Amino acid sequence: MGGISRWLDVEAGTDDIDLNTLPSNLSLTDLQNDNEYKLLVGDLGRGEEGPKLKIFKGAMQISDITLPDFPLGVESIYSSDSTPRSSPLIAVAFSTCIYVYRNLKLYYKYYLPNMELNTSEMEIWKQLTDPVNHNEEKVLALTDSLHNMPQKVLSSQSRNFLALTLEQQLEFLENAKLPKKSASEISCITTLKMSSVDKYAMRCLVVATEDGELIILDPQTFTQIHLVRLCTVKKTPYQMVATGLYNVDYRITVATREKSVCLLKREWKEGRLLFNTDDHIVAMETMTSDNSIMVICTDNTLSCYSRKGRKQWSILLEHRPVAMTLLPIMHLGVTLTAVALSSGHVYMFEGKAKRDTIFVRDVVSVMKFGQLGQEEHVFTIITATGNLMLKILKRTADFSSQAAGVEACAGAAAGRPWLLPKKSKLFLEQSMRERENAIPMHIKFQHDLNRLRLQAAKALLDAYDKCDNVVGAGHLEPIRLSAEVEGMGPVFRVTLIVENTSTEKAVIGLAILFLVHSTAYKVYNPYIKVPLISPGNRLKFPTKVEEVFGENINPDIFFRNVTGQAGEGSQVKVLLLKEGKTNPVLAATVTMPPTDPMMIPYDKIQATSDFNQDERNYESRS
């Protein structure tokens with residue numbers, strides 16, 4: 001992707017750094033509110049070393065906190081929007097609780113609410129604790145009943161009991177008691193901003209449990225403010241990404257262990273299934289520009305889904321993907337997607353176009369991008385062997401298609417922000433006027449839209465009735481049909497002109513057919529065969545058309561061009577037919593002019609006076 005690197009490597013302190021962590025256990029936080037961001041790592045520990053929360057200043061560890069259990073997630077939150085800003089709170093999630101630290105000291109403990117036990121399980125344990133049933137036959141039957149129940153709904157006591165041998169089960173039942181309410185277990189956590197998009201704005205914790213529930217906690221009191229199920233069918237959350245504001249509108253996208261992605265929005269009583277994947281999900285990210293979802297799976301694919309769950313594209317990776325993170329570079333107006341492979345390569349995509357590649361002499365385990373220290377664009381990489389690597393983006397770095405040496409693709413510009421002009425005074429006045437008159441403007445718009453639809457429907461119906469198509473399409477594209485009308489009436493001379501506009505092909509097998517109202521006009525030669533027309537030539541076919549008058553003639557027909565009441569009776573349709581086809585290939589409509597009254601015989605003129613006399617008699621009778 002180019003010989004010059006866009007990154008500066010940073011030496012990582014000493015060789016004593018040996019990290020064993022998860023992607024959810026990394027956080028970049030301004031601990032002292034001095035714009036000096038620290039790296040917080042929830043370390044699982046190796047060997048005899050227990051789990052710790054380690055704090056790094058740049059590439060050097062400056063502190064650590066011993067943790068009571070293996071961390072499942074590390075997040076930083078602000079509990080207030082007041083100024084001066086208070087120091088952030090560090091939330092560390094464990095199996096059934098969350099520890100909150102302030103100034104690196106334990107500040108609060110939050111425990112998940114207890115979960116009600118299954119009624120069928122309680123009935124089985126009532127029989128197991130009864131001394132009458134303490135024999136091998138009864139215990140085996142009741143144990144089979146526990147085995148038939150789903151493992152996810154069983155309490156820890158039941159799961160431990162099923163792991164024992166028959167002799168150990170009998171010994172355990174001598175002093176066994178009924179299982180107590182079990183606490184839910186945390187699967188993953190994330191944060192959601194409350195009412196402001198500022199990076200120091202107040203945030204609330206979002207906790208996902210193994211039972212498929214999402215809990216949103218108040219950032220000040222750490223009490224439950226919202227509880228919702230992830231999906232109708234039980235799904236186990238694996239990773240969450242929250243966007244938006246809790247008090248305005250938000251989206252929580254959740255990847256599950258059941259090869260699916262679910263979505264939760266504001267005021268939903270239950271989450272919904274967004275889409276399913278073909279294989280297990282390794283990592284998921286949500287683009288901030290359009291809420292599209294990037295997913296890497298164990299089938300070596302990187303896929304992009306729209307916010308509604310439609311698959312937009314998918315590419316096959318060279319090796320197995322192990323980690324993914326977003327690289328928002330605001331001054332370039334681009335957001336890259338970094339995907340780490342098992343081969344040690346880290347590919348950076350803009351859409352589905354590869355923009356840069358980094359090679360790491362190890363397998364990447366965790367990646368994080370953001371401000372570290374006072375550098376805004378630092379790429380933090382932790383490898384599987386525990387090494388910490390920091391890469392700083394050069395200020396001269398360019399990820400455009402020309403600099404990357406690849407062609408620009410359509411999806412590459414999808415994440416690029418639009419260059420919007422500044423808000424002028426006229427724009428602000430217009431937007432205020434639109435907000436004040438939103439309902440009348442909407443009604444007016446709907447009225448105009450319905451009128452446009454009506455006009456379009458009328459035009460379509462009129463075109464369908466006339467069937468006008470004076471230029472051929474398809475095989476007859478070089479044919480053109482036109483007509484000329486001559487005479488003052490009642491006998492007119494209608495000349496049809498058939499033109500072959502092609503310069504290479506001749507046309508043969510055509511015929512002309514007239515369609516008229518028998519009570520209005522008479523065509524002397526209604527069917528005309530057209531001979532071969534050589535390329536670039538035209539043929540004229542004259543014929544006589546006579547206007548027919550009845551016994552009582554309405555005198556208005558002589559002034560129909562003035563009154564606009566010609567109607568369909570004054571129209572002559574001309575069809576151009578082709579041998580072997582049931583439908584006409586061309587059509588034209590000729591509107592006949594009215595007959596000059598001076599050309600009408602005397603007896604017909606007398607008929608018009610009789611028509612007027614009949615009208616006057618009718619009016620006198622009425």
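Okay, to get us going: which residue forms a salt bridge with Glu486, and how far apart are the closest N and O atoms? The partner is Arg493, and those closest atoms sit 3.5 Å apart. Keep in mind that what you see above is a predicted model, so let me talk about confidence before I come back to the charged pairs.

The chain averages a pLDDT of 82, and 84% of the residues score at least 70. The high point is strand β21, residues 293–297, with a mean of 94. Down at the other end is helix α8, residues 560–563, where confidence is lowest at a mean of 50. Two stretches I'd like you to look at: over residues 406–415 the pLDDT stays under 50, and the model has 18 contacts for them beyond four places in sequence. Then residues 470–474 are also below 50, with 13 contacts beyond near neighbours in sequence.

Right, salt bridges. The structure holds 13 of them. Take Arg46 and Asp18, whose side chains meet at 2.9 Å, N to O. Arg46 comes from the loop between β3 (38–43) and β4 (52–57), and Asp18 from the loop between β1 (7–10) and β2 (26–29), so this pair ties together parts that are 28 residues apart in sequence. Are those two buried or exposed? Arg46 is partly exposed at 31% relative accessibility, and Asp18 is partly exposed at 31% as well. There's also a network of salt bridges linking Asp43, Glu49 and Lys54.

Back to my opening pair for a second: Glu486 has a relative accessible area of 39%, so it counts as partly exposed, and Arg493, at 44%, counts as partly exposed too. Another one to look at is Arg538 with Glu499, where the closest N and O atoms are 3.7 Å apart. Here both ends are in strands: Arg538 in β36 (residues 538–547) and Glu499 in β32 (residues 491–500), so the bridge ties together parts 39 residues apart in sequence. Arg538 is partly exposed at 48%, and Glu499 is partly exposed at 22%.

Now a charged residue of another kind of setting. Glu285 is in strand β20, residues 281–286. Why does Glu285 count as buried? Because its relative accessibility is 16%, and the cut-off for buried is under 20%. Leaving out residues up to four places away in sequence, Glu285 touches Gln239, Val241, Ser292, Ile293, Met294, Met324, Thr325 and Leu326. And if you go from Glu285 to Ala242, you cross 43 residues in sequence, while the C-alphas are 9.9 Å apart in space.

On to the cores. The largest nonpolar core has 33 residues, and the members touching the most others are Leu214, Met240, Ile252 and Val295. A second core lies apart from that one, with 26 residues, including Ile512, Tyr521, Val572 and Ala588. As for Leu214, its contacts beyond four places in sequence include Val207, His226, Val228, Met240, Ile252 and Leu264.

Last stop, a sheet. It's an open one with four strands in the order β35-β33-β37-β38, paired antiparallel. The edges are β35 (527–530) and β38 (586–591), each pairing on one side only. Ignoring direction, neighbouring strands in this sheet are turned by 20° against each other on average. Between β37, residues 571–578, and β38 there are six bridges, and the two run antiparallel. If you want one to find on screen, go to Leu575: its bridge partner in β38 is Ala587.

Note on methods
Residues are numbered from 1 along each chain as its sequence is written. This is a predicted model: local features need pLDDT of at least 70, side-chain atom pairs count only at pLDDT 80 or more; totals for chains, interfaces and linings use all residues. Side-chain values use heavy atoms; hydrogens and water are left out. Buried means under 20% relative accessible area, exposed over 50%, partly exposed in between (1.4 Å probe, protein chains only). Contact means heavy atoms within 4.5 Å. A nonpolar core is a set of buried Ala, Val, Leu, Ile, Met, Phe, Trp, Tyr and Cys residues joined through side-chain atoms within 4.5 Å. pLDDT is the predictor's confidence in each residue, from 0 to 100. Two strands pair if DSSP finds at least two bridges between them. Axes are lines fitted to C-alpha atoms, for helices over the stretch in contact, and angles run from 0 to 180 degrees between N-to-C directions. A salt bridge is a side-chain nitrogen of Lys or Arg within 4 Å of a carboxyl oxygen of Asp or Glu.
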